[in-house]
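Here is a short report on charge pairs, cysteines and pockets. Keep the sequence and the model side by side as you read.

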Amino acid sequence: MTEDDRVKDELLTIGAFAARSRLSAKALRLYDRLGLLTPAHVDEASGYRYYRADQVERARTVALLRRLDMPLAQVADVVAARESDGGRASELLAGYWAGVEERIAGQRTLADFLRGRLSGRSSEMYGKFVVETVDVPAQVVITEKRHTLADELPAWIGASLGRLEEAARACGGVAGAPFVVYHAEVSQESDGPAEACVPVADEAAARAWAEQRGRTWETEVRVEPAQRLASTRITKAQVAHPQILAAFEAVEAWVAEQGLEYAGPCREVYFADWDAAEPQDPVCDVAFPVRGVAER
């Protein structure tokens, strides 16, 4: 008996290993190519793959993780961590599953929102929002504009407003509530752009700052004209998608009822300390610039 024959006698064929590990032969070949589950031996002449019996546990772990719809790259991280640090592997799994539950919670809320719309109960949802008008004076703003999809939007808003508020300290200070303007729809399919804006006190200083240091983030300075906003105030919890969609649509319905015209793109005005706010605390005004509003 040759050494190669002896090795094969001690190992499992890919068919036997597939049956014991509850993975298909096709999946095993894929995981081999990805380096996720490498055969213990490959016959040079036939190309047949052979596995050790002690690889079954790793294979079953891979199979179970894949049943959670975990991407292969993350599966590789978890199984690698399991062999060196079981606690770390558990943490990786917990982090992945927390993300899944967050996504499912968002989808559940979206489904409830859509059921209300499809059943004709939109007006009931809109009735939860109080819409009013507010006059905003002209203001100088420093801005960042970016094309971004909905998944990336919250992180970008926080980062960009943080950068702009820091820059405002060199431009006479923050002179008003930061806001985000949506020049086109931001969703999973549409990337805007969105524009983060922070009002500043000193236009000359702002333009000098943008010329010297604002190019890294494509910062611009412009004068936002005086305007009247139709807006509704929402809590931190309502800022999450899709609750915020109901707020925007409530304002749109109110504008239509009043016979008004839009005078610019919609926006979110953040007037509170986001980090310090509780879910029930008001933090944001959802607003549309309008014209033709009767004086009250």
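Asp54 is exposed in this predicted model. Its relative accessible area is 56%. Asp54 forms a salt bridge with Arg52, and the closest N and O atoms are 2.8 Å apart. Arg52 is partly exposed, with a relative accessible area of 38%.

**Salt bridges**

Side chains of opposite charge can pair when their charged atoms come close. The count here comes to 12 salt bridges. Three of them are set out below, with the N to O distance and the relative accessibility of each partner.

| Acidic partner | Basic partner | N to O distance |
|---|---|---|
| Asp32, buried, 18% | Arg49, partly exposed, 21% | 2.9 Å |
| Asp54, exposed, 56% | Arg52, partly exposed, 38% | 2.8 Å |
| Asp135, partly exposed, 49% | Arg228, buried, 15% | 2.4 Å |

The side chains of Asp32 and Arg49 meet in a salt bridge. This pair links distant parts of the chain. Asp32 belongs to helix H3 (residues 25-33), and Arg49 to strand E3 (residues 49-51). The two residues are 17 residues apart. Asp32 counts as buried because its relative accessibility, 18%, is under the 20% cut-off. Arg49, at 21%, counts as partly exposed.

Asp135 forms a salt bridge with Arg228. Asp135 lies in strand E4 (residues 131-136) and Arg228 in strand E9 (residues 227-235), so the pair ties together parts that are 93 residues apart in sequence. Asp135 is partly exposed at 49%, whereas Arg228 is buried at 15%.

Salt bridges also form a network. Its members are Glu195, Arg222, Glu224 and Arg267.

**Cysteines**

How many disulfides does a search of the whole structure find? The search finds 0. Distance explains two of the cysteines. A disulfide needs two cysteine sulfur atoms within 2.5 Å. The sulfur of Cys171 is 14 Å from the closest cysteine sulfur, in Cys197, so it is too far for a bond. For Cys284, the closest cysteine sulfur is in Cys266, 11 Å away, again too far for a bond. Cys171 is buried, at 0% relative accessible area. Cys284 is buried too, at 0% relative accessibility.

**Pockets**

The largest pocket holds about 1,600 Å³ of space. Its lining has 45 residues. Ala150, Leu153, Pro154, Val239 and His241 lie nearest its centre. The elements that give two or more residues to this lining are helix H6 (86-118), helix H8 (153-168), helix H10 (243-258) and strand E11 (267-270). Which element gives the most to the lining of the largest pocket? H6 does, with 8 residues. By class, the lining of the largest pocket divides into 23 nonpolar, 10 polar and 12 charged residues.

The second largest pocket has a volume of about 370 Å³. It is lined by 20 residues, and Val134, Val136, Leu229, Val269 and Asp285 are the closest to its centre. Elements E4, E9, E11 and strand E12 (282-291) each give two or more residues to the lining of the second largest pocket. This lining has 9 nonpolar, 6 polar and 5 charged residues.

Two of these strands recur from the salt bridges. E4 and E9 contribute to the lining of the second largest pocket, and E4 holds Asp135 while E9 holds Arg228.

Notes. Residues are numbered from 1 along each chain as its sequence is written. This is a predicted model: local features need pLDDT of at least 70, side-chain atom pairs count only at pLDDT 80 or more; totals for chains, interfaces and linings use all residues. Side-chain values use heavy atoms; hydrogens and water are left out. Buried means under 20% relative accessible area, exposed over 50%, partly exposed in between (1.4 Å probe, protein chains only). A salt bridge is a side-chain nitrogen of Lys or Arg within 4 Å of a carboxyl oxygen of Asp or Glu. Helices (H or I, at least four residues) and strands (E, at least two) are DSSP runs, numbered from the N terminus. On a 1 Å grid over the protein atoms alone, a cavity is a set of points where a 1.4 Å probe fits but cannot get out, and a pocket is an open set with protein on both sides within 12 Å along at least five of seven lines; lining residues have an atom within 4 Å of a point. Grid points are joined across faces, edges and corners, and a volume is the space filled by probe spheres set on the points. Ala, Val, Leu, Ile, Met, Phe, Trp, Tyr, Cys and Pro count as nonpolar, Asp, Glu, Lys and Arg as charged, and the others, Gly among them, as polar.
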